[in-house]
Amino acid sequence: APHFNNGTANCEGTEEPFDIVVNPDAHVDKPGDQILCNGFETNPITFTTLNSVGTMTYTWTNDHPEIGLAATGTGHIALFTATNTSKSPILATITVTPAFSNLGKTCNGTSKDFTILVNPTAELDQPDDQVVCNGESTDFVDFVSQNLGGTMSYTWTNSNTTIGLVAL
């Protein structure tokens, strides 16, 4: 209530109520990390929050746009085809920042990071063909790849078992 004093007069005014609204911190749950191969589709990324009133918005950055996701964006991330044309895995870190808006005030929250790892396509260096005479030993066949950063394994089949090599 307002009070006005002048001399010996003390005048009282009418109370004017008002509200102070304290918005909660903007919050985003950490999305799950994803591990994919080159050419595979990601899962869509839907950001979630604990906030229940107001409006939540999200901005994000990606430190490796070569995986097929833009360097920056807003809102949820739709599925996309992961890309890696290199010989090594690419680990992209996506940083999402939440913003909470309520009653004309927007508050940014703490950012959360998650990753999308895109592995390269498995590649094999072409082994050399061999021509040998009946009864001679073949040279050792060494399977070699230029892929880095993971473990390579190989399967093979033989279409002609009469040469003395099993079918698989």
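Strands, in the sense used here, are DSSP runs of E of at least two residues, numbered from the N terminus. The structure described is a predicted model, and in it Leu-165 lies in the segment that follows strand β8 (112–119). With a relative accessible area of 40%, Leu-165 is partly exposed, and together with Trp-156, Ile-163 and Val-166 this residue makes a nonpolar surface patch of about 390 Å². Because membership of such a patch requires over 30% relative accessible area, the 40% computed for Leu-165 is consistent with its place in the patch.

Strand β4, which spans residues 55–62, presents two faces: Met-56, Tyr-58, Trp-60 and Asn-62 make up the covered one, whereas Thr-55, Thr-57, Thr-59 and Thr-61 make up the uncovered one. The pairing of β4 involves strand β6 (residues 90–102), to which β4 is joined by 8 bridges in an antiparallel arrangement, and also strand β5 (residues 72–74), with which β4 pairs over 3 bridges, again in the antiparallel sense. Thr-59, a residue of the uncovered face, stands opposite Thr-97 in β6 and opposite Thr-74 in β5.

On the covered face of β4, Tyr-58 takes part in aromatic contacts. The structure holds 3 aromatic pairs, one of which is formed by Phe-47 and Tyr-58, with a distance of 5.2 Å centre to centre and an angle of 40° between the planes, an arrangement classed as tilted. Phe-47 is located in the loop between β3 (34–37) and β4, while Tyr-58 belongs to strand β4 itself, so the pair ties together parts that are 11 residues apart in sequence. Both partners are buried, Phe-47 at 4% relative accessibility and Tyr-58 with a relative accessible area of 7%; each is assigned to this class because buried means under 20% relative accessible area. Phe-47 and Tyr-58 are further joined by Phe-114 in one aromatic cluster.

A backbone feature of another kind is found at Leu-103, which has a positive phi of about 55° although this residue is not a glycine. Leu-103 is situated in the loop between β6 and β7 (105–108), and, with a relative accessible area of 68%, Leu-103 is exposed. This assignment follows because the exposed class begins at values over 50%, whereas Leu-165, at 40%, is placed in the partly exposed class.

Definitions and conventions:
Residues numbered from 1 in each chain as written. Predicted model: local features only at pLDDT ≥ 70, side-chain atom pairs only at ≥ 80, totals over all residues. Heavy atoms only, no water. Buried < 20%, exposed > 50% of the residue type's maximum accessible area, 1.4 Å probe, protein only. Helix = DSSP H or I, 4+ residues; strand = E, 2+ residues; numbered from the N terminus. Pairing = 2+ DSSP bridges. Patch = residues over 30% accessible without salt bridge, like charges linked within 9 Å, V, L, I, M, F, W, Y side chains within 5 Å. Areas by Shrake-Rupley, 256 points an atom, 1.4 Å probe, with all protein chains shown as cover. Salt bridge = Lys/Arg side-chain N within 4 Å of Asp/Glu carboxyl O. Phe/Tyr/Trp six-rings, centres within 6.5 Å; stacked < 30°, edge-to-face > 60°.
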